[in-house]
Amino acid sequence: MKTNMRSFMVLLVLLASLFTPLFAEGSEYSQALGVQVGRLAGVGISYQRWQEHIGYQVAGGLLYHPEMEYGNDQLVYNIGFELQYPLVYHEVNSSLAGTLYFVGGVHHQGYREAKLTSADPDVYSAGPLILNLGIGGGIGVETILFKHFAISTEFVYMGMYELNTSTLNVDMYPQVSLRYRF
């Protein structure tokens with residue numbers, strides 16, 4: 001299963017990059033690949049594309065520990081999709097530029113938590129599959145160094161709905177990404 005999910009994530013990133021020519025061309029380096037950490041955006045590998053008047057990003061990751069060693073959850077996966085609307089773009093010089101933007105997105109997460117069933121020796125069993133859906137929005141700043149290295153920080157408000165218990169939580173989260181633009 002571990003290999004199948006990795007293959008799926010690689011396929012997802014490749015498909016996103018193949019379908020991007022359907023949209024209008026953006027700046028000289030309008031695509032980016034890197035890592036993302038955020039509750040709305042997702043945690044894992046990210047692909048971003050800026051168009052002239054809008055940007056989008058998809059990010060996701062997967063952890064799978066069938067033996068639940070040391071209390072690691074058996075399964076954790078997430079995928080997030082964001083639309084980013086630029087407000088201000090400013091190029092200071094050839095080495096430094098930045099974008100201020102609004103962000104809105106959706107998120108899906110699933111996990112099977114490891115539950116301690118015996119303390120001597122440590123034995124874990126997997127809990128039920130918990131599924132969450134989220135939606136939110138906020139503001140972000142992308143700093144671009146030497147036209148290729150992008151560091152983005154975002155602050156978002158997000159509602160997360162747990163399908164298993166029909167629970168809705170609304171909270172605020174910071175997000176950060178490191179990407180290479182090409």
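**Barrel strands and a nonpolar surface patch**

Leu-33 has Tyr-180 in β8 as its bridge partner. The model is predicted, and this pair belongs to the contact between strand β1 (residues 31-38) and strand β8 (residues 167-181), which pair in the antiparallel sense over six bridges.

That contact is part of a wider arrangement. Eight strands close into a barrel, in the order β1-β2-β3-β4-β5-β6-β7-β8, with antiparallel pairing. From one strand to the next, the twist averages 30 degrees.

On its other side in this order, β8 is joined to β7 by 14 bridges, and the two run antiparallel. One position to look at is Thr-153, whose bridge partner in β8 is Val-176. β7 and β8 form a hairpin with four residues between them. In the turn, Ser-166 has a positive phi of about 55 degrees.

β5 and β6 also pair in the antiparallel sense, here over 22 bridges. Across this pairing, Gly-110 stands opposite Leu-131 in β6.

The surface of the barrel strands can be considered next. A nonpolar patch there is formed by Tyr-85, Leu-87, Val-88, Leu-100, Phe-102, Ile-139, Val-141, Phe-155, Tyr-157 and Met-172, with about 900 Å² of accessible area together. At least two residues of the patch come from each of β4 (75-93), β5 (96-119), β6 (122-145) and β7 (149-162). β4 gives the largest share, three residues.

Val-141 serves as an example of a patch member. This residue is found in strand β6. Val-141 has a relative accessible area of 38% and is therefore partly exposed. That value also satisfies the patch criterion of over 30% relative accessible area.

Notes: Residues are numbered from 1 along each chain as its sequence is written. This is a predicted model: local features need pLDDT of at least 70, side-chain atom pairs count only at pLDDT 80 or more; totals for chains, interfaces and linings use all residues. Side-chain values use heavy atoms; hydrogens and water are left out. Patches are made of residues with over 30% relative accessible area and no salt bridge: like charges are joined within 9 Å, nonpolar side chains (Val, Leu, Ile, Met, Phe, Trp, Tyr) within 5 Å. Accessible areas come from the Shrake-Rupley method with a 1.4 Å probe; for residues, only the protein chains shown count as cover. A salt bridge is a side-chain nitrogen of Lys or Arg within 4 Å of a carboxyl oxygen of Asp or Glu. Buried means under 20% relative accessible area, exposed over 50%, partly exposed in between (1.4 Å probe, protein chains only). Two strands pair if DSSP finds at least two bridges between them. Axes are lines fitted to C-alpha atoms, for helices over the stretch in contact, and angles run from 0 to 180 degrees between N-to-C directions.
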